[in-house]
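Here are some notes for a colleague opening this structure for the first time. Please keep the sequence and the 3D view at hand while reading.

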Amino acid sequence: MSTMAGLMSLVIGALLLGLPGRYAARIPGLRAWGCALLMYALGTASYLLNHVLPTGLATMPGNALVMFGFALLMAGSRRFLGCPKAPGPMLWLCCISLGVIAFFQFVVPDYRVRISVFTGTLAFIALAHLRLLLRHGQGWASRFMAGVLGCLSLVMGVRGVLTWWVDRPDMHIYMPSSVQGAYVASYAFAVLLLGVGVLFMATERVRVEFEHMATHDGLTHALTRRSWMSRAEAALADPGRPLVAVLMLDLDHFKRINDAQGHQAGDRVLATLARVMADALPPGAALGRYGGEEFVILLEGHAAAQALEVAERLRQAVQARALGCTVSIGLALAGPTQSPQTPLDALIQRADRALYRAKGQGRNQVQQAGPAERDAAPSPLQAAPQSRP
Ligand SMILES: Nc1nc2c(ncn2[C@@H]2O[C@H](COP(=O)(O)OP(=O)(O)OP(=O)(O)O)[C@@H](O)[C@H]2O)c(=O)[nH]1
């Protein structure tokens, strides 16, 4: 069982080390996880050195590789989860434990102390790792890993305590014993599951990143037009929906920035603007890039006065940032419509007309769609898309 787990760790470790070359985006922690699993595989192999070395000398490298491998596995999770704290304390713990094990191996031989210190150290690292995942991890893969670590620390804890009843000081790990056999089998199985767990976490991260890339605009990180539209459609189709409002924003005289400073400077302005808006938006609001320098925002559960307040706050936030341009905003609230269009298209069209009015009345202002923007009136944008006043 433990040889099997060692082999599987070798394969999974190599896979994790090879993944960064195949996947362009950075997934922090992959290298540490891969090396940790390779250390575990090497540790398992080095326990077999008892055929050529005295027992004590054969177990020490194995113990060291497995312990440091566990600490490295946790360091990998820290990096993966973006927790900057250094793994120093775990490394010190491993060094001290190995010193104690060596003392009770070569100076005052006592198998029970060695077992307790080894399993106690691994249980401690597993519990610290579990705590890290519960605090910072997200998704089912993280919870799977946390569950495996919980089981592993339980196995370690039980073995570390049982040794004082079932073992003698002069024993060693190569002596056949049903308790040691059950412990090695469950421990090896747990390590195997840990390898599977980190692979799950890495692939889950890749999936989440691809999903993000498919639904978010690469420059501004706002939702793409399509994903914003489907979110807005879902909000409008919900029979128990709260009030829905749409804001349509357009940068004022943005062309001048492009013309004067170049498109790259224009891109930076767009990216900053999206960040400024995202920071100023209330929780739950959905920001989308409608196209070019036009953005849309979906607000749910906001009455007219609150939605106007949000729009005005956005306008002021952009102005205060002194990006070299301001925004005009059109606001429309969902309501009954006679339009042959879908409710969302009708809502967007009304917000667009209000935006057109904001442009016509001097820009850098918020206008709310009112009686002037009835469903039947032709959209100024539809009539002349490039000819805002
Ligand atoms: N840098 C950059 N420019 C863009 C992007 N998308 C659209 N634009 C530019 O946005 C400008 C829009 O210009 P216009 O439609 O004339 O509007 P405007 O200059 O903002 O003037 P008003 O809307 O009337 O206030 C054009 O110069 C487009 O090239 C983009 O992704 N990056």
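1. Start with strands S1 and S3 in this predicted model. S1 covers residues 244-251 and S3 covers residues 294-300. The two run antiparallel, and seven bridges join them. One pairing to look up is that of Leu 247, whose bridge partner in S3 is Ile 297.

2. S3 also pairs with S2. Five bridges join S2 to S3, and these strands run antiparallel. Arg 289 stands opposite Phe 295 in S3. What links the two strands of the S2 and S3 hairpin? There are two residues between the strands. In this hairpin, Gly 292 takes a positive phi near 50°.

3. Now take the whole sheet. It is open, has five strands and shows mixed pairing. The order is S2-S3-S1-S4-S5. Which strands stand at the edges? They are S2 (286-291) and S5 (366-368). Each has a single partner strand, so one side of each is left without a neighbour in the sheet. From one strand to the next, the twist averages 20°. When inspecting side chains, recall a general point: in a regular strand they alternate between the two faces of the sheet.

4. Two helices to check against the sheet are H8 and H12. Helix H8 (residues 225-237) packs on the sheet and touches S1, S2 and S3. The direction of H8 makes about 130° with that of S2. Helix H12 (residues 343-360) also packs on the sheet, touching S1, S4 and S5. S4 spans 327-333, and the direction of H12 makes about 145° with that of S4.

5. Next, look at helices H10 (residues 263-280) and H11 (residues 304-320). Their axes come within 9 Å and cross at roughly 140°. That angle is why H10 counts as oblique to H11. The crossing of H10 past H11 is right-handed. On the H10 side, the contact holds Leu 273, Val 276, Met 277 and Ala 280. These meet Arg 313, Leu 314, Ala 317 and Val 318 in H11. By class, the contact has seven nonpolar residues, no polar ones and one charged.

6. Helices H3 (residues 55-81) and H5 (residues 111-136) form another pair. They pack at an angle of about 10°, with their axes 10 Å apart. H3 is therefore roughly parallel to H5. Residues of H3 in the contact include Asn 63, Met 67, Phe 70 and Arg 78. Among those they meet in H5 are Phe 118, Thr 121, His 129 and His 136. The contact of H3 with H5 has twelve nonpolar, five polar and one charged residues.

7. Finally, compare the model with the record. An unreviewed UniProt entry lists residues 48-76, 88-107, 113-132, 144-162 and 182-203 under "transmembrane region". How much of residues 48-76 is helix? The span is 76% helix and 0% strand, and its end C-alpha atoms lie 27 Å apart. Residues 113-132 are 100% helix and 0% strand. Their end C-alpha atoms are 28 Å apart.

Terms used:
Residues numbered from 1 in each chain as written. Predicted model: local features only at pLDDT ≥ 70, side-chain atom pairs only at ≥ 80, totals over all residues. Axes fitted to C-alpha atoms, helices over the stretch in contact; angles between N-to-C directions. Helix = DSSP H or I, 4+ residues; strand = E, 2+ residues; numbered from the N terminus. Parallel < 35°, antiparallel > 145°, perpendicular 65-115°, else oblique. Left-handed = near helix turned anticlockwise from the far one by under 90°. Contact = placed C-beta atoms within 7 Å. Nonpolar A, V, L, I, M, F, W, Y, C, P; charged D, E, K, R; others polar. UniProt positions renumbered as here; feature names shortened; annotations may be inferred. Pairing = 2+ DSSP bridges.
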